Amino acid sequence: MRIGNKEFVRQGHTYVMGILNVTPDSFSDGGSYQKIDQALFHVEEMLQDGMDIVDIGGESTRPGYTMISEEEEIARVMPVIEAVKARFQIPISLDTYKPEVARAGISAGADLINDIWGLRYDPEMAQVIAKSDCTCCLMHNRKEAVYERYMEEVLQDLSKSLKIAQEAGIDPGKIILDPGVGFGKSYENNLEIIDRLEMLHSLGYPILLGTSRKSVIGNTLDLPKDERLEGTIVTSVYAVLKGAMFVRVHDVKENARAIRMAEAIRDGYR
């Protein structure tokens with residue numbers, strides 16, 4: 001899989017997507033990287049720590065978030081995307097579910113659109129991605145955590161997103177799937193989908209796991225958001241063992257090291 005200027009080809013390797021939130025209100029690091037120089041410094045830091053791709057977000061999607069206008073989101077992300085593109089040789093993911101933001105981000109240099117609604121928020125999103133030949137990550141999400149046959153329904157929902165992508169003409173080789181930990185799921189649902197992540201391989205696409213500092217970790221360990229590193233690392237090791245191609249994390253260095261160790265135990269003696 002090629003994303004931007006980088007080929008992600010290593011068989012069985014889990015790559016690290018670093019999180020860069022340029023928002024005032026993200027649940028974990030809101031307000032930390034709103035200025036261009038702060039954002040660039042953090043990207044450089046994450047690159048040194050082992051980041052393979054950076055995910056830039058301009059709107060918080062934490063539980064109970066306040067939706068902002070497309071214009072405000074574009075104003076937040078475009079200067080950062082342009083600055084990162086000019087300074088670093090790193091693939092850029094844009095975390096948005098809004099077509100106009102995606103279009104602006106792609107024009108600024110984004111290489112991947114990370115859509116938390118899996119093309120199901122606005123039908124135009126699929127067309128924007130298809131016309132750009134951009135890579136996309138389609139996440140599972142629901143407005144309410146109501147299921148009768150949980151894992152079966154998750155796969156069905158993701159299959160609907162894939163059908164939208166297919167009908168729009170998105171290249172199948174440019175699609176990643178995300179199980180959507182923390183979105184439209186109960187605490188028990190979140191634990192289950194991490195444990196049964198390998199079931200998503202039946203759909204035939206690379207998998208991204210995003211659990212960094214999320215409430216499933218906080219609720220399990222009874223810890224605030226700034227003390228959830230160890231819990232996140234455990235989920236990154238699970239991602240390796242379950243064959244995920246990417247993890248999306250705040251703490252790049254620690255998770256990258258854990259991934260290397262897990263892969264060495266799995267593969268190093270063979």
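This short talk walks through a predicted model, taking its charged pairs, one of its helices, its strand pairing and a few single residues in turn.

Let me begin with the charged side chains, where the count comes to 20 salt bridges. One of them joins Glu-59 to Lys-98, with the closest N and O atoms 2.8 Å apart. Glu-59 sits in the loop between β4 and α2, and Lys-98 in the loop between β5 and α3, so this pair ties together parts that are 39 residues apart in sequence. If you look for these two side chains on the surface you will not find them there, since Glu-59 is buried, and so is Lys-98.

A second pair is Asp-157 with Arg-120, whose closest N and O atoms are 3.9 Å apart. Here too the pair links distant parts of the chain, with Asp-157 in helix α5 and Arg-120 in the loop between β6 and α4, 37 residues apart. The two partners differ in their surroundings: Asp-157 counts as buried at 5% relative accessibility, whereas Arg-120 is partly exposed, with a relative accessible area of 38%. This pair also belongs to a network of salt bridges that links Arg-120, Arg-142, Glu-153 and Asp-157.

For a third example, please turn to Arg-149 and Glu-148, whose side chains meet in a salt bridge with an N to O distance of 3.7 Å. Arg-149 is partly exposed, at 42% relative accessible area, and Glu-148 counts as exposed, at 72%.

Now, which charged residue is buried yet has no salt bridge? That is Lys-174, for which the nearest side chain of opposite charge, Asp-133, is 4.3 Å away, and because a salt bridge requires the nitrogen and the carboxyl oxygen to be within 4 Å, this pair is not counted as one. Lys-174 is placed in the loop between α5 and β8. Leaving aside neighbours within four places in sequence, Lys-174 is in contact with Met-1, Arg-2, Asp-133, Cys-134, Thr-135 and Cys-136.

Asp-133 itself deserves a look, as this residue has a positive phi of about 60 degrees although it is not a glycine. Asp-133 lies in the loop between α4 and β7, and is partly exposed, with a relative accessible area of 48%. Phi is also positive, near 55 degrees, at Asp-222, again a residue other than glycine. Asp-222 is found in the loop between α7 and α8, and counts as exposed at 69% relative accessibility.

Let me move on to helix α6, which spans residues 187-195 and in which Asn-189, Asn-190, Ile-193 and Ile-194 are buried. Why do these four residues lie on the same side of α6? They cover an arc of only 130 degrees around the axis, which puts them on the same side. As a reminder, an α-helix has 3.6 residues a turn, so residues three or four places apart point the same way. As for what this side meets, the buried residues of α6 pack against α5, β9, α7 and α8.

From β9 we can pass to the strands, and in particular to β10, which covers residues 246-249. Phe-246 and Arg-248 point one way from this strand, while Val-247 and Val-249 point the other way, and all are buried. Strand β3 runs parallel to β10, and four bridges join them, with Gly-18 having Val-249 as its bridge partner in β10. Strand β9 also runs parallel to β10, joined by two bridges, and here the partner of Leu-208 in β10 is Phe-246.

In the loop between β9 and α7 we come to Ser-212, which is buried, with a relative accessible area of 2%. The side chain of Ser-212 makes a polar contact with the side chain of His-250, at 2.7 Å. By contrast, His-140 is 72 residues from Ser-212 along the chain, and the C-alpha atoms of these two are separated by 16 Å.

I will finish with Ile-74, which has its place in helix α2. Not counting residues up to four places away in sequence, Ile-74 touches Pro-79, Glu-100, Val-101 and Ala-104. Gly-105 is 31 residues from Ile-74 along the chain, and their C-alpha atoms are separated by 7.4 Å.

Terms used: Residues numbered from 1 in each chain as written. Predicted model: local features only at pLDDT ≥ 70, side-chain atom pairs only at ≥ 80, totals over all residues. Heavy atoms only, no water. Buried < 20%, exposed > 50% of the residue type's maximum accessible area, 1.4 Å probe, protein only. Lys, Arg positive; Asp, Glu negative; His and termini not counted. Contact = heavy atoms within 4.5 Å. Arc of directions from axis to C-beta. Polar contact = N/O pair within 3.5 Å; in protein donor to acceptor, adjacent residues only side chain to side chain. Pairing = 2+ DSSP bridges.
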